[in-house]
Amino acid sequence: MAASALRRGLLSSVSKYNKKHVHRILSVVDTSCGFEAYRPRLLCRACGLPDGVQQRRFMSSRPEGKILETVGVFEAVKQHGKYETGQLFLHSVFGYRGIVLFPWHARLYDRDITPPMSDSKPEPPGAHGSKEVKGKTHTYYQVLIDTRDCPHISQRSQTEAVTFLANHDDSRALYAIPGLDYVSHEDILPYNSTEQIPIQHELFERFLLYNPSKTPPFTARDTLKAWQEKNHPWLELSDVHRETTENIRVTVIPFYMGMREAQNSHVYWWRYCIRLENLGNEVVQLRERHWRIFSLSGTLETVRGRGVVGREPVLSKEQPAFQYSSHVSLQAPSGHMWGTFRIERTDGSHFDVRIPPFSLESNKDDKAPPAGYTF
């Protein structure tokens, strides 16, 4: 019995995926959203909107006629081990086609699991609650997103990108490479394809080489290995934090971006990616955010505002997840962030969803600025 997976509404289709059968994946043929490195102004703290809202977006309209075509055949999901470089996959939540570049081993701090009191990670100063959490090793992947699927990822504030601080005198410059994402092992639905270029992305042929004698048949070029080695400190995913409140799960992944000198002082920058998931059946909407930002210098900042990145996403059974990225800076090499999201039910009542506390840690070694962001 074959199961078709459309690009839109994919979650409900692939959740019924049965490994015992061969499944052919169907895709909507569409125009591509553009790929281009862009340079917005620095983003507003704890909200992700650029000053003056100057960020450029690359989206395309959907065609009136939609044609179904086969893009591949599902493979068995790996319960153990990891996926290799070159593995094609569908994202089980956001539905896009992608390909694995390389894996990361992260520490997952899951506050939904009650750990033993010993060997645990303490709360930051002033954080909510008193629960301690022990980190558990978990596999994530650096991946390329197929640009043809960009217009359909409506559950994202933007197609995910890796951001860098610029390597020149303009200390306010921020660069990004769109279409690079970090994906958890359980989010991957592997498939295979007979196409030599199954993923549309400007970096695909720069990073990967088709080799039919290999499984999967795509291997890393020297350019991918060199890019990973040079940019390891800025790409590395080390900690993931997760907590659920009233069936709304919040996952946070922080990334250190680097340090810049400003007015005779050092300013340290981080990017953080947040995913909200509705694990229940009730339709809810995010209305407000409330952040607490603690710096090692001793300052404690409070940030309140409507929505996130200019949006107030609705989380339903049909579209249960929303993901966005933002940036924060401190005048100290480390700190912590935590807070709450105000969620509204359909009857107008509200409840607060906890954002798990997460550390902002800088790389201790003095690394060279990131390289290779101007492809």
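# A tour starting from an aromatic cluster

Begin by selecting Tyr272, Trp291, Phe341 and Phe358, which ring pairs link into a cluster. As you look around, keep in mind that this is a predicted model. The aromatic pairs in it come to 13. For one of them, keep Trp291 and Phe341 selected: their rings meet edge-to-face, with 6.5 Å from centre to centre and 80 degrees between the planes. Trp291 belongs to strand β15 and Phe341 to strand β19, so this pair ties together parts that lie 50 residues apart in sequence.

Are these two residues buried or exposed? Trp291 has 0% relative accessibility and therefore counts as buried. Phe341, also at 0%, counts as buried because buried means under 20%.

Next, colour the whole of strand β19, residues 334–345. Ten of its twelve residues are buried, so you will find this strand mostly covered. Now add strand β15, residues 284–295: it runs antiparallel to β19, and eleven bridges join the two. To see where one residue of each meets, pick Phe294 and its bridge partner in β19, His336.

Then add strand β20, residues 350–361, which pairs with β19 over ten bridges, again in the antiparallel sense. Here you can select Arg342 together with Asp352, its bridge partner in β20. Follow the chain through the hairpin of β19 and β20, where four residues lie between the strands. Stop at Gly348 in this hairpin, which takes a positive phi near 95 degrees.

Move on to strand β14, residues 265–278, and select Glu277 within it. What is the relative accessible area of Glu277? The value is 9%, so Glu277 is buried. Show side chains, and you will see the one of Glu277 making a polar contact with the side chain of Arg275, at 3.3 Å. Beyond its neighbours within four places in sequence, Glu277 is in contact with Val93, Asn247, Ile248, Arg249, Thr251, Pro320 and Ala321.

For another view of a side chain, select Arg271 and Phe255. The charged end of Arg271 sits over the ring of Phe255, 4.4 Å from the ring's centre.

Finish at helix α3, residues 222–235. Where is the kink in this helix? Look at Glu229, where α3 has a kink of about 45 degrees, shortly before the proline Pro233. The buried residues of this helix are Leu224, Trp227, Asn231, Pro233, Trp234 and Leu235.

Methods. Residues are numbered from 1 along each chain as its sequence is written. This is a predicted model: local features need pLDDT of at least 70, side-chain atom pairs count only at pLDDT 80 or more; totals for chains, interfaces and linings use all residues. Side-chain values use heavy atoms; hydrogens and water are left out. Buried means under 20% relative accessible area, exposed over 50%, partly exposed in between (1.4 Å probe, protein chains only). A polar contact is a pair of N or O atoms within 3.5 Å; within protein, one must be able to donate a hydrogen and the other to accept it, and residues adjacent in sequence count only if both atoms are side-chain atoms. Contact means heavy atoms within 4.5 Å. Two strands pair if DSSP finds at least two bridges between them. The bend at a residue is the angle between axes fitted to the seven residues ending there and the seven starting there. Rings of Phe, Tyr and Trp (its six-membered ring) pair if their centres lie within 6.5 Å; planes under 30 degrees apart count as stacked, over 60 as edge-to-face and the rest as tilted. A charge sits over a ring if NZ of Lys or CZ of Arg is within 6 Å of the ring centre and within 35 degrees of the ring normal.
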